[in-house]
Amino acid sequence: MCIRDRASVGKEFHELMDNLCAGEVMQRAEIVSEIEKFIDVQREHMNLEEGKIFPEARSSLSKTNIDEIEAEYEASIDPIFGPKVEKYFEQIREAIVEDA
């Protein structure tokens with residue numbers, strides 16, 4: 001799957017989370033389907049990184065390069081799993097607990 005397709009699935013997932021947090025009522029099967037699609041795309045992406053990209057980077061970059069990259073990564077805010085998304089998941093969890 002290309003980067004554009006992964007981004008599209010990610011955007012759809014975030015829209016789903018926004019809609020659910022806003023109180024939109026959806027069929028459980030639709031929610032599960034969208035979540036499974038997102039998980040599959042993320043798993044495929046992680047497998048590509050772990051199986052090909054990271055090993056190639058480790059063999060091509062110096063320790064100094066890797067240390068610089070890791071420092072920049074640690075200082076950045078994750079746009080997908082950062083604080084905003086964590087809040088969405090917390091709201092969904094609270095809604096599920098309320099309904100239980």
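In this predicted model, F13 touches I35, F38 and F89, leaving aside residues up to four places away in sequence. Two of these names, F13 and F38, turn up again in the largest nonpolar core, which also includes V9, L16 and M17. The remaining members of that core are M26, I31, V41, Y88 and I92, for ten residues in all. Three helices, α1, α2 and α4, each give two or more residues to this core. Helix α1 gives the most, with four residues.

F89, one of the residues touched by F13, lies in helix α4. On its own list of contacts are F13 and M17, again not counting residues up to four places away in sequence. F89 is not on the roll of the core, and the reason is easy to follow: a core residue has to be buried, that is, under 20% relative accessible area, whereas F89 has 35% and so counts as partly exposed. Sequence distance can also be set beside distance in space here. F89 and L20 are 69 residues apart along the chain, yet their C-alpha atoms are 9.9 Å apart.

L20 leads on to the largest pocket, where it is among the residues that lie nearest the centre, along with I31, I92, A95 and I96. Altogether 18 residues line this pocket, and the space inside comes to about 550 Å³. The elements giving two or more residues to the lining are α1 (3–21), α2 (28–60) and α4 (83–99). This time the largest share, six residues, comes from α4. Sorted by class, the lining has 13 nonpolar residues, two polar ones and three charged ones. Two of the residues nearest the pocket centre, I31 and I92, are also members of the largest nonpolar core.

Then there are the charged pairs. The model has four salt bridges by the rule used here. One of them joins K11 and E15, with the closest N and O atoms 3.7 Å apart. Both residues sit in helix α1, four residues apart, which is about one turn of the helix. K11 is exposed, with a relative accessible area of 54%, while E15, at 38%, is partly exposed.

Another salt bridge links K37 with E34, and here the closest N and O atoms are 3.6 Å apart. K37 and E34 are three residues apart in helix α2, so about one helical turn separates them. K37 is partly exposed, at 32% relative accessible area. This pair does not stand alone, as E12, E34 and K37 are linked in a network of salt bridges.

In helix α3 (residues 63–75), D67 and K63 are four residues apart, so they too are separated by about one helical turn. Their side chains meet in a salt bridge of 3.1 Å, N to O. As for accessibility, D67 counts as partly exposed at 36%, and K63 counts as exposed at 60%.

Key
Residues numbered from 1 in each chain as written. Predicted model: local features only at pLDDT ≥ 70, side-chain atom pairs only at ≥ 80, totals over all residues. Heavy atoms only, no water. 1 Å grid on protein atoms, 1.4 Å probe; cavity = no way out; pocket = protein on both sides within 12 Å on 5 of 7 lines; lining within 4 Å. Points joined across faces, edges and corners; volume = space filled by probe spheres on them. Nonpolar A, V, L, I, M, F, W, Y, C, P; charged D, E, K, R; others polar. Buried < 20%, exposed > 50% of the residue type's maximum accessible area, 1.4 Å probe, protein only. Core = buried A, V, L, I, M, F, W, Y, C linked by side-chain atoms within 4.5 Å. Contact = heavy atoms within 4.5 Å.
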